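Visitor: Please take the salt bridges as the part to look at closely, and then follow the side chains into their surroundings. A plain account will do.

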Amino acid sequence: MGRTADAIAEGVAIATSAARLAVKNHILVGTIAEGGVFDSEKYIADAREALRAMAEESEQAEKTLTELRKRARGRHSDPVGTHDYRDRDVRNLRRRAKQSHGVAMRLREMMDDPEQLGVIVEEARKAAWADVRHNLDRRLKVEGMRPDQDPDYERMREARMQALRLVDLQALSSQQRARAKRLKKQEKGADKDSSKTSRGARGSAG
């Protein structure tokens, strides 16, 4: 493969990977966060749209590079910035535009290929499940771990105890004080009611 073909292949691989990541995220949201079911047709449409967006980016890049090449032609002075191209850059700009064109064309072809779209969706599904499995394994290990199995137990023990003292115990103390105040207020109210009842009884007897 030539230099341009290699660059196109690399660009397509990067775009395919990005499409796979986008579909994986859609799967995680749709099936896990929103409690939906896995619908391959829906995610094939998502894969197609992801490829379309990246094809359009490549087409815009080709257009921009072509305009830069036209402006650079015949200019031989020293450039004043990174993107201030000159005649000596024309060949490189043409090659980069050709590469962007090749990537866009290949992505457009993939958009119309159900088999390749299906491969992207299946790989995205496997990646989504791997993420879920990894998170479950990690949570189960952390929640079910004994102190002697936790390599960070001693290092984190003091921090946990400090948090307990500063936060949990203070909150508990505050709750106890509030409860004591409520009980005291209730007792005062009961005493007042009792006094009123006693005075009323003496008045009736007199």
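**Salt bridges and their surroundings**

Guide: Glu122 and Arg125 are joined by a salt bridge between their side chains, with 2.7 Å from N to O. The model is a predicted one, and the distances here are computed from it. Both residues belong to helix H4, where they stand 3 residues apart, or about one turn of the helix. An α-helix has 3.6 residues a turn, so residues three or four places apart point the same way. Neither partner falls under the 20% cut-off for buried: Glu122 has a relative accessible area of 31% and is partly exposed, and Arg125, at 32%, is partly exposed too.

This pair belongs to a count of 9 salt bridges. Side chains of opposite charge can pair when their charged atoms come close. Another of these bridges joins Lys42 to Asp46, whose closest N and O atoms are 3.2 Å apart. Here the partners lie 4 residues apart in helix H2, a separation of about one helical turn. The two ends of the bridge fall into separate accessibility classes: Lys42 is partly exposed at 42% relative accessibility, while Asp46 counts as buried at 17%.

A third bridge is formed by the side chains of Asp84 and Arg86, at 2.7 Å from N to O. Both ends are buried, since the relative accessibility is 16% for Asp84 and 3% for Arg86, and buried means under 20%. Asp84 and Arg86 are also part of a network of salt bridges that takes in Arg75.

Asp46 leads from the charged pairs to the nonpolar interior. Beyond its neighbours up to four places away in sequence, Val23 touches Asp46, and also Tyr43, Ala47, Ile120, Val121 and Ala124. Val23 is one of the residues with the most contacts inside the largest nonpolar core, along with Leu51 and Leu107. That core has 22 residues. At least two of its residues come from each of helix H1 (3–33), helix H2 (40–72), helix H3 (90–111) and helix H4 (114–143). The greatest contribution is that of H2, with 7 residues. Apart from this core there is a second one of 7 residues, and Leu65, Leu68, Tyr85 and Leu93 are among them. In soluble globular proteins, nonpolar side chains tend to be buried together.

Tyr43, one of the contacts of Val23, also takes part in an aromatic pair. The search of the whole structure turns up 1 such pair. In it, Tyr43 is stacked with Phe38, the centres being 5.4 Å apart and the planes 20 degrees from each other. The angle qualifies as stacked because planes under 30 degrees apart are classed that way. Within the pair, Tyr43 is buried at 1% relative accessibility, whereas Phe38 is partly exposed at 37%.

Helix H3 supplies Leu107 and Leu93 to the list of its buried residues, which also includes Arg95, Gln99, Ser100 and Gly102. The helix has 22 residues, and the distance from its first C-alpha to its last is 32 Å, close to the 32 Å expected at 1.5 Å a residue.

Gln99, which lies in H3, counts as buried at 17% relative accessibility. With neighbours within four places in sequence left aside, the contacts of Gln99 are Arg3, Thr4, Ala7 and Ile8. Arg3 is 96 residues from Gln99 in sequence, yet their C-alpha atoms are 9.5 Å apart in space.

The chain as a whole gives the setting for these details. Its secondary structure consists of 5 helices and 0 strands, in the order α-α-α-α-α along the sequence. The chain has 206 residues, and 22% of them count as buried. For contacts between residues at least 6 apart in sequence, 64% are between residues at least 24 apart. The accessible surface amounts to about 15,000 Å², with 52% belonging to carbon and sulfur atoms.

Note on methods: Residues numbered from 1 in each chain as written. Predicted model: local features only at pLDDT ≥ 70, side-chain atom pairs only at ≥ 80, totals over all residues. Heavy atoms only, no water. Phe/Tyr/Trp six-rings, centres within 6.5 Å; stacked < 30°, edge-to-face > 60°. Buried < 20%, exposed > 50% of the residue type's maximum accessible area, 1.4 Å probe, protein only. Core = buried A, V, L, I, M, F, W, Y, C linked by side-chain atoms within 4.5 Å. Contact = heavy atoms within 4.5 Å. Expected span 1.5 Å × (residues − 1). Salt bridge = Lys/Arg side-chain N within 4 Å of Asp/Glu carboxyl O. Areas by Shrake-Rupley, 256 points an atom, 1.4 Å probe, with all protein chains shown as cover.
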